[in-house]
Amino acid sequence: MLLLRAYRENVKVIPRKRDAVYTVTDAPKPMSEDIGYRQRRYLISMGIRTACFVGAVAAAMLGAPLWLVVLLVLGALFLPYISVIFANGGREPQPTASFTDESTDRKAISGHGPEIGS
């Protein structure tokens with residue numbers, strides 16, 4: 001028993017490299033879907049910008065409080081910049097599927113790794 005323990009302490013076990021496993025769920029969305037998503041987001045933002053501009057003109061003509069007119073004008077001025085930044089921000093990160101390695105489960109249960117000669 002003492003000899004086996006001394007042997008285990010002196011032997012270096014090199015773990016095997018396993019090939020990477022790719023799944024279909026790891027594949028990103030097609031570029032056409034990503035571009036369509038960014039275009040929709042940009043058009044919605046530009047619609048809000050147009051509403052801010054029309055609202056600022058209407059609020060100024062109807063005698064609304066000055067803070068409301070300024071807020072709507074600022075929205076109309078800065079939304080194009082923000083929209084372009086978000087539209088050109090690149091692809092959205094996709095969640096990836098994760099699987100547990102069976103060998104780690106076995107080691108956790110038994111408490112021992114693979115041994116030479118077993």
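Here are some worked exercises on a predicted model of a protein chain.

**Exercise 1. The overall fold**

Task: Work out how many helices and strands the protein chain has, and in which pattern they follow one another.

Solution:
- Start with the secondary structure: the protein chain has 4 helices and 0 strands.
- Then read along the sequence, where the pattern is α-α-α-α.
- Next, turn to burial: of the 118 residues in the protein chain, 14% are buried.
- Finally, consider the contacts between residues at least 6 apart in sequence: 73% of these join residues at least 24 apart.

**Exercise 2. A pair of helices**

Task: Decide whether H2 and H3 are roughly parallel or roughly antiparallel to each other, and describe what their contact is made of.

Solution:
- Locate the two elements: helix H2 covers residues 31-62, and helix H3 covers residues 66-87.
- Take the geometry of the packing: the angle is about 165°, and the axes lie 8 Å apart.
- Compare that angle with the cut-off: angles over 145 degrees count as roughly antiparallel, and H2 and H3 are therefore roughly antiparallel to each other.
- Add the handedness: the crossing in which H2 passes H3 is left-handed.
- Sort the residues of the contact of H2 with H3: 18 are nonpolar, 4 are polar and 3 are charged.

**Exercise 3. Three residues of the H2 and H3 pair**

Task: For Ser45, Leu79 and Tyr42, find the helix each lies in, say whether each is buried or partly exposed, and list the contacts beyond four places in sequence.

Solution:
- Begin with Ser45, which is found in helix H2. Its relative accessibility is 13%, so Ser45 counts as buried. Beyond its neighbours within four places in sequence, Ser45 touches Leu79 and Ser83.
- Follow one of those partners, Leu79, to helix H3. Leu79 is buried too, because its relative accessible area is 19% and the limit for buried is under 20%.
- List the contacts of Leu79, again without neighbours within four places: Ser45, Met46, Ile48, Arg49 and Cys52. As for distances, Leu79 and Gly47 are 32 residues apart in sequence, with 9.9 Å from C-alpha to C-alpha.
- Go back to helix H2 for Tyr42. Here the relative accessibility is 30%, so Tyr42 counts as partly exposed.
- Collect the contacts of Tyr42 outside four places in sequence: Ser83, Val84 and Ala87. Ser83 is thus a contact of Tyr42 and of Ser45.
- Close with a distance: Tyr42 and Pro80 are 38 residues apart in sequence, and their C-alpha atoms are 8.8 Å apart in space.

**Exercise 4. A charged pair**

Task: Find which residue forms a salt bridge with Asp34, and work out how the two residues are placed in helix H2.

Solution:
- Recall the principle: side chains of opposite charge can pair when their charged atoms come close.
- Apply the distance rule: a side-chain nitrogen of Lys or Arg has to be within 4 Å of a carboxyl oxygen of Asp or Glu. Asp34 and Arg38 form a salt bridge, with 3.3 Å between the closest N and O atoms.
- Count the pairs: by this rule there is 1 salt bridge.
- Place the pair in helix H2: Asp34 and Arg38 are 4 residues apart, so about one helical turn separates them.
- Check burial for each partner: Asp34 is buried, at a relative accessible area of 1%. Arg38 is buried as well, at 17%.

Technical notes
Residues are numbered from 1 along each chain as its sequence is written. This is a predicted model: local features need pLDDT of at least 70, side-chain atom pairs count only at pLDDT 80 or more; totals for chains, interfaces and linings use all residues. Side-chain values use heavy atoms; hydrogens and water are left out. Axes are lines fitted to C-alpha atoms, for helices over the stretch in contact, and angles run from 0 to 180 degrees between N-to-C directions. Angles under 35 degrees count as roughly parallel, over 145 as roughly antiparallel, 65 to 115 as roughly perpendicular and the rest as oblique. A crossing is left-handed if the near helix is turned anticlockwise from the far one by less than a right angle, and right-handed if clockwise. Ala, Val, Leu, Ile, Met, Phe, Trp, Tyr, Cys and Pro count as nonpolar, Asp, Glu, Lys and Arg as charged, and the others, Gly among them, as polar. Buried means under 20% relative accessible area, exposed over 50%, partly exposed in between (1.4 Å probe, protein chains only). Contact means heavy atoms within 4.5 Å.
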